[in-house]
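This briefing is meant for a reader meeting the structure for the first time. It takes up two topics, namely backbone geometry at chosen residues and the contact between two chains.

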Amino acid sequence: MTIASQSPAEALVAAPLRPAAPPPPPRRRRRLSQNRWGYAYVAPFFLVFGAFSLYPFLYTAWVSLHRTSLSDIDGGTFVGLENYRNLLQSEFFWNAARNTLTIGVLATVPQLCMALGLAHLLNYKLRGRTFFRTVMLMPYATSIAAATLVFAQLFGRDYGLINTALEAVGLERIDWESGTWSSQFAIAVIVTWRWTGYNALIYLAAMQSIPGELYEAAEIDGASRWKQFLHVTIPSLRPTIVFTIVVSTIGAVQLFGEPLLFAGNGTTSGGSSGQYQTLGLLMYQQGWSNFHIGQAATTAWAMFMIILLVVGLNAVVGRLRARADR
Amino acid sequence: MELHPNVTIKQNTVAQSAPYYKSLQTRLAAGSGLDDIQGLEIGFIADVVANHADAFVDFGAEENAEELEANFYDWKWGQASSQDGKVVGLGTDAGPEAMCFRKDMFEAAGLPTDRAELGELWSTWDEYLEVARRYEASPTKPADSAFVDSPASIFSASVYQGETAYNDEDGNPIPEESDGVESAWGYASQAAAEGLTANLSQFGDEWVAAFPNDAFATIACPAWMLGYIKSQMGEDRAGVWDVAPLPGSSESAANWGGAWLGVPSSGKNVEAAKDLVEWLTAPEQQVKLFTRTGHFPSSPQAAEDPAVVGHVDEFFSGAPTGEIFGKSAAAIKRTPIGPYDTQIQEAFTTALTDIASSGTKPDDAFEDAIKATQQAIGG
């Protein structure tokens, strides 16, 4: 932003020398013209952002006020907030919201705990540390579709590897897909598998910036490794943990690819009784299976509100904690 | 093309109907990006007829319209016609239904294996369920096998045997009042509740894997399903499957599937496209389509062609598929179709799955299906 701009000091020195000069053009305009290259350089980002983020965002809000179909998006009738009212009264919405919450908790909590543990282990001086760190990030580099297709087969009722293994050790086969908890567990496993390594790496990076003296001091005080982890590592990681919780929460609210592909036959109902339909999947079903684009836009906005709410709550809780600590 | 030196045909291959339809819809909405010829599948032809008839060339208004109409079964022509008589496309294949069965598994279970005899034995769906109970009770049936792949198999076939399926005459969804839905639900929910099915979800991974693993002994099969079964089983398993008439077919036949070719009127080469569509859907070409790929003609002239009538399928134990499907196709009534048939069918078949997998009471499952239907139609 400082390209081609006068430094404030220069401006101050220059001004008193010519008191009779005509008043300078308004500061804002001069800034604009003097910084034009800066604006030119950032313009492409904002153009792309406008075309592919801001415009769709506002257009989605506009569409959500209409009753309209996919093949005639601009020809809908304006219905005001009716879509929102219907959504709040729809048991499909509440079912999806509940599933999103339970799958989110099932996937996020163990995931972050495991990531923290893994990061702690990898922070020790281990032989082949780089190898482990790379391997850990591999699931993250796998496409959701590929991973889910493989997991869906592993969790298959008749020919799945997991059921074969269960049977081999004398347990009963589980119809993973048709049960509520079993299907949500299976989807949570896919999410956990994919994101644990990613979060572990973030934790690891933060851990490495914790000064070693803290640990030394703790050791002198006679703290065990576990106590060190609890009283040195975790408090130092708090901002990072908050960050990962926020990012995981957003991911959990938007969960879509896993439940869609887990069904295995392209249906969007999220199981025979909607037992693993998430908000993202509901939105897709409304828009692209049932072609009610207005409803889908409404659900999209509801998801956005939920994310804002959850992230806001997170911030408030974080601030209260910080104040309590002071 | 020797006869049309100026014409080059570029063909796109589509794997699945659903994503194709989505892109077709967005292109119709945008009014651009349409190809000179667009395939129209039974799952969405009703929507195109009701909402986008103006975007397509009206074959009913062509000079040779009467001639063209005579090329097709009246129900096939009718499904592509709007209320004011516009015809958005010409028919390619049709999906007359039969019942495919595993000869070897029937034999093991002590059931008859002669296709004509079976046709008699299950002349109604109630009798078919009786045969299913006999199969399930048989101590010698192949272990871990079920009589039929899914309740959906029974439902999707029998629903079109009613006077109405999902819609009234005007194409408005009436699943609660339809006689086809009522009777189909009765048969399919019985089968689901009694555990006569393998309870697979059709076209899912496990369903696909179930074919070579001999997990079920029958499946309601539209003509196009035969090619599918063949590719799942592999050529070396020829002779284990056979084809018998569909239960209830003496009273009423059923059609599942089929497609049309339409010409968007905004296209660049409308005249050439019309010529090509007329040629592609003419009876002679439909005969070849059946004898080569197994897609059954939507033209009675083609269906009555000796090459079709006399066609036997070696993979299916030499079943006279041309004759079986021909009889079925000739008996199909014009059941009104609507824009939400795919979604409604999915609502009912998932509810049936729920009966079989979670023990939901059929009445409750029916309620669920109706709710899902209402959500799909979206008041």
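**Two loop residues and a chain contact**

B:N199 counts as buried, because 28 C-beta neighbours lie inside 10 Å of this residue, where 20 or more are needed for that class. The model described here is a predicted one, and the points below should be read with that in mind.

**Residues with positive phi**

- B:N199, found in the loop between α9 (179–193) and α10 of chain B, has a positive phi of about 50 degrees, although this residue is not a glycine.
- B:S317 is likewise not a glycine and has a positive phi, of about 55 degrees, and its place is in the loop between α15 (306–309) and α16 (321–331) of chain B.
- B:S317 has 18 C-beta neighbours inside 10 Å and therefore counts as partly exposed, since that class lies between the limits of 12 or fewer for exposed residues and 20 or more for buried ones.

**Contact between chain B and chain A**

- On the side of chain B, 30 residues are in contact with chain A, where 26 residues take part.
- The elements of chain B that each give two or more residues to the side touching chain A are α1 (17–30), α10 (205–210), α17 (341–358) and α18 (362–377).
- Of these elements, α17(B) gives the most to the side of chain B that touches chain A, with seven residues.
- Sorted by residue class, the side of chain B that touches chain A is made up of nine nonpolar, 15 polar and six charged residues.

Notes
Residues numbered from 1 in each chain as written. Chains lettered and ligands numbered in written order. Predicted model: local features only at pLDDT ≥ 70, side-chain atom pairs only at ≥ 80, totals over all residues. Contact = placed C-beta atoms within 7 Å. Helix = DSSP H or I, 4+ residues; strand = E, 2+ residues; numbered from the N terminus. Nonpolar A, V, L, I, M, F, W, Y, C, P; charged D, E, K, R; others polar.
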